[in-house]
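Good morning, colleagues. I would ask you to look at the model on the screen while I go through its helix packing, its ligand site and some backbone details.

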Amino acid sequence: MTLPSPLPRVIQGGMGVAVSDWRLANAVARLGQLGIVSGSMLDTVFVRRLQDGDAGGHVRRAVAAFPAPEVGEEVLRRYFNSHGRAASTPYKNLPMYKQRVSDARQRVTVLANFVEVWLAKEGHAGPVGLNLLTKVQMPNLASLYGAMLAGVDVVIMGAGIPREIPGVLDAFAEHLPAQLKFDIEGLQRGEAEYLTFDPSSCVSPHVRQRSLKRPAFIAVVSASSLAATLARKANGRVDGFVVESPTAGGHNAPPRGELQLNARGEPVYGERDVVDLAKMREIGLPFWLAGGVGSPAGLTTGLSEGAAGIQVGTLFAYCRESGLAADIKARVLAAVADGTVSLRTDPRASPTGYPFKVVELPGDIDHVVARRRICDLGYLRVPIRTADGRTIYRCSAEPVDAYIAKGGDFADTIGRRCLCNGLTANIGQAQSRPETNTEEIPLVTSGDDLLSLAALASTIPGYTAEHVVRYLCQ
Ligand SMILES: Cc1cc2nc3c(=O)[nH]c(=O)nc-3n(C[C@H](O)[C@H](O)[C@H](O)COP(=O)(O)O)c2cc1C
């Protein structure tokens with residue numbers, strides 16, 4: 001499939017973890033704009049929803065639509081708890097991803113992505129996309145296949161160079177096995193390792209008889225050179241780009257050249273980081289601007305620069321349908337209104353090494369300092385080839401001793417935050433830690449637009465996705 005026609009003016013940005021969930025994407029797609037669900041850590045979010053009792057039965061309704069019923073039955077048996085979780089009972093975690101995991105483990109990821117896209121598409125004919133991070137490699141193949149089984153219209157990927165993804169979409173449209181080169185640190189020259197996924201491990205030949213729709217592919221870039229390379233050298237069709245600037249929420253591309261920090265310890269961006277839109281126009285594919293452009297003026301300027309529209313995150317992150325927990329939305333909006341919020345582009349917080357924008361609320365830092373490190377979700381673990389030929393996995397936010405025992409450098413651990421546990425806490429799925437009688441603490445991210453959000457939020461308390469779309473397109 002090519003991009004939806006007419007092209008959407010507004011892409012509601014993919015926001016992990018489950019901030020842009022099926023409810024938000026459904027609300028946006030219904031209005032004819034492009035609604036995006038985040039696929040990041042969706043398998044964990046999915047099994048936690050089931051353990052919390054699946055209020056309203058939405059997850060189970062979508063599971064029942066999965067074309068291989070035995071897959072759903074297996075997962076429900078293991079994870080569904082009709083009474084929900086008793087207070088302070090920890091969630092049961094999935095086994096952490098590695099290069100090779102069991103077929104059953106992959107099927108949870110396939111099903112989770114199917115469910116999210118299916119629910120986002122339910123009840124209307126608007127376009128729905130899936131956002132994944134290229135760098136969080138291990139779940140990506142199963143995620144893409146699951147979303148395609150649900151008829152996802154668009155796949156949007158940044159945070160890395162998604163050169164091999166278009167070819168994967170082509171293969172999965174025919175239910176063929178696909179692979180991605182697996183980035184293991186310390187591989188010998190000429191050595192290559194792969195991540196693989198075979199649809200036959202998930203659905204029967206009967207299901208595989210009919211081709212799937214090949215979704216359009218949009219790459220998120222922060223340089224026109226990367227867009228040009230992808231347009232020419234990807235292993236299949238690229239349909240467009242999101243051009244993201246460092247004011248955007250979530251992870252940002254690091255500044256070009258040597259890293260310089262301002263007095264607040266934030267990376268300093270300069271002229272070289274401004275994307276050359278003339279070069280973007282020359283490529284000849286549609287593009288959307290992202291980062292601090294979530295306003296009617298941002299849309300008009302974007303269109304006059306030759307963009308097809310804008311991708312907006314922050315405004316949607318605090319609207320009624322987003323997955324952010326209601327108390328977090330309220331706390332952040334109140335702090336924005338009374339000027340006590342601070343937004344910092346933290347070059348160290350994310351174990352990925354990319355700058356990450358952190359919303360700092362009064363009192364939060366004390367909890368951060370007190371948190372005992374634990375690594376039990378492991379999506380950001382980096383694979384390392386050891387001298388004796390094994391592949392091990394480590395994360396710079398894991399317990400420091402463990403990281404060093406795996407050959408890591410102490411300096412890498414300083415200032416790191418556990419994104420996996422922090423981001424799941426943001427959506428009301430904080431893990432309980434009975435041993436310390438605590439819960440995981442949220443780690444909220446937003447774009448610089450957060451500071452101008454107060455106007456919308458105070459004029460229309462509890463504003464909805466529809467308010468955002470109407471506001472942008474007025
Ligand atoms: C809470 C939040 C989480 C985000 N998570 C992701 C993500 O997982 N993947 C991604 O590609 N972009 C992510 N983004 C970026 C958005 O998709 C979008 O490009 C960006 O928010 C646009 O800038 P704005 O925040 O100024 O509107 C996130 C943004 C926010 C606010």
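**Helix packing, ligand site and backbone**

I begin with helix α6, residues 140-149, and helix α7, residues 165-173, whose axes come within 10 Å and cross at roughly 50°. Please bear in mind throughout that this is a predicted model. At that angle, α6 and α7 are therefore oblique to each other. Their crossing is right-handed. On the α6 side, the residues involved are L141, L144, Y145 and M148, and they meet I165, V168, L169, F172 and A173 of α7. What is the character of the residues in this contact of α6 with α7, nonpolar, polar or charged? Nine are nonpolar, with no polar and no charged residues in the contact.

I turn next to helix α4, beginning with its packing against α2. Helix α2 covers residues 42-51 and helix α4 covers residues 69-79; their axes are 9 Å apart, and the packing angle is about 60°. Angles of 65 to 115 degrees would count as roughly perpendicular; α2 and α4 are therefore oblique to each other. The crossing of α2 and α4 is again a matter of hand, and here it is right-handed. From α2, the contact draws on F46, V47, L50 and Q51, while α4 supplies V75, L76 and Y79. By class, the contact of α2 with α4 has six nonpolar residues, one polar residue and no charged residue.

Helix α4 also packs against helix α5, residues 103-121: the two axes come within 10 Å and cross at roughly 100°. That crossing makes α4 roughly perpendicular to α5. Here α4 contributes V71, G72, E74 and V75, and α5 contributes A104, R107, V108 and L111. The make-up of this contact of α4 with α5 is five nonpolar residues, one polar and two charged. One residue deserves a remark: V75 takes part in the contact with α2 and also in the contact with α5.

Let us move to the ligand. How many residues surround the ligand, and which are the closest? There are 21 around it, and the closest are N131, E244, G292, Q311 and T314. For those who wish to inspect backbone contacts, three glycines may be examined in turn. At G292, a backbone N or O atom lies 2.7 Å from an oxygen atom of the ligand. At G313, a polar backbone atom is 2.8 Å from a ligand oxygen atom. At G249, the separation between a backbone N or O atom and an oxygen atom of the ligand is 3.4 Å.

I close with the backbone geometry. As a reminder, most residues other than glycine have a negative phi, and most peptide bonds are trans. Against that background, which bond joins S5 to P6, cis or trans? The bond is cis, with omega near -5°, and P6 lies in the segment before β1, residues 10-12. A cis peptide bond also joins G16 and V17, with omega about -15°. V17 belongs to the loop between β1 and α1, the latter being residues 22-30. Lastly, D54 is not a glycine, yet its phi is positive, at about 50°. D54 sits in the loop between α2 and α3, where α3 is residues 58-64.

Technical notes: Residues are numbered from 1 along each chain as its sequence is written. This is a predicted model: local features need pLDDT of at least 70, side-chain atom pairs count only at pLDDT 80 or more; totals for chains, interfaces and linings use all residues. Side-chain values use heavy atoms; hydrogens and water are left out. Axes are lines fitted to C-alpha atoms, for helices over the stretch in contact, and angles run from 0 to 180 degrees between N-to-C directions. Helices (H or I, at least four residues) and strands (E, at least two) are DSSP runs, numbered from the N terminus. Angles under 35 degrees count as roughly parallel, over 145 as roughly antiparallel, 65 to 115 as roughly perpendicular and the rest as oblique. A crossing is left-handed if the near helix is turned anticlockwise from the far one by less than a right angle, and right-handed if clockwise. Contact means heavy atoms within 4.5 Å. Ala, Val, Leu, Ile, Met, Phe, Trp, Tyr, Cys and Pro count as nonpolar, Asp, Glu, Lys and Arg as charged, and the others, Gly among them, as polar. A residue is near a molecule or strand if one of its heavy atoms lies within 4 Å of it. A polar contact is a pair of N or O atoms within 3.5 Å; within protein, one must be able to donate a hydrogen and the other to accept it, and residues adjacent in sequence count only if both atoms are side-chain atoms.
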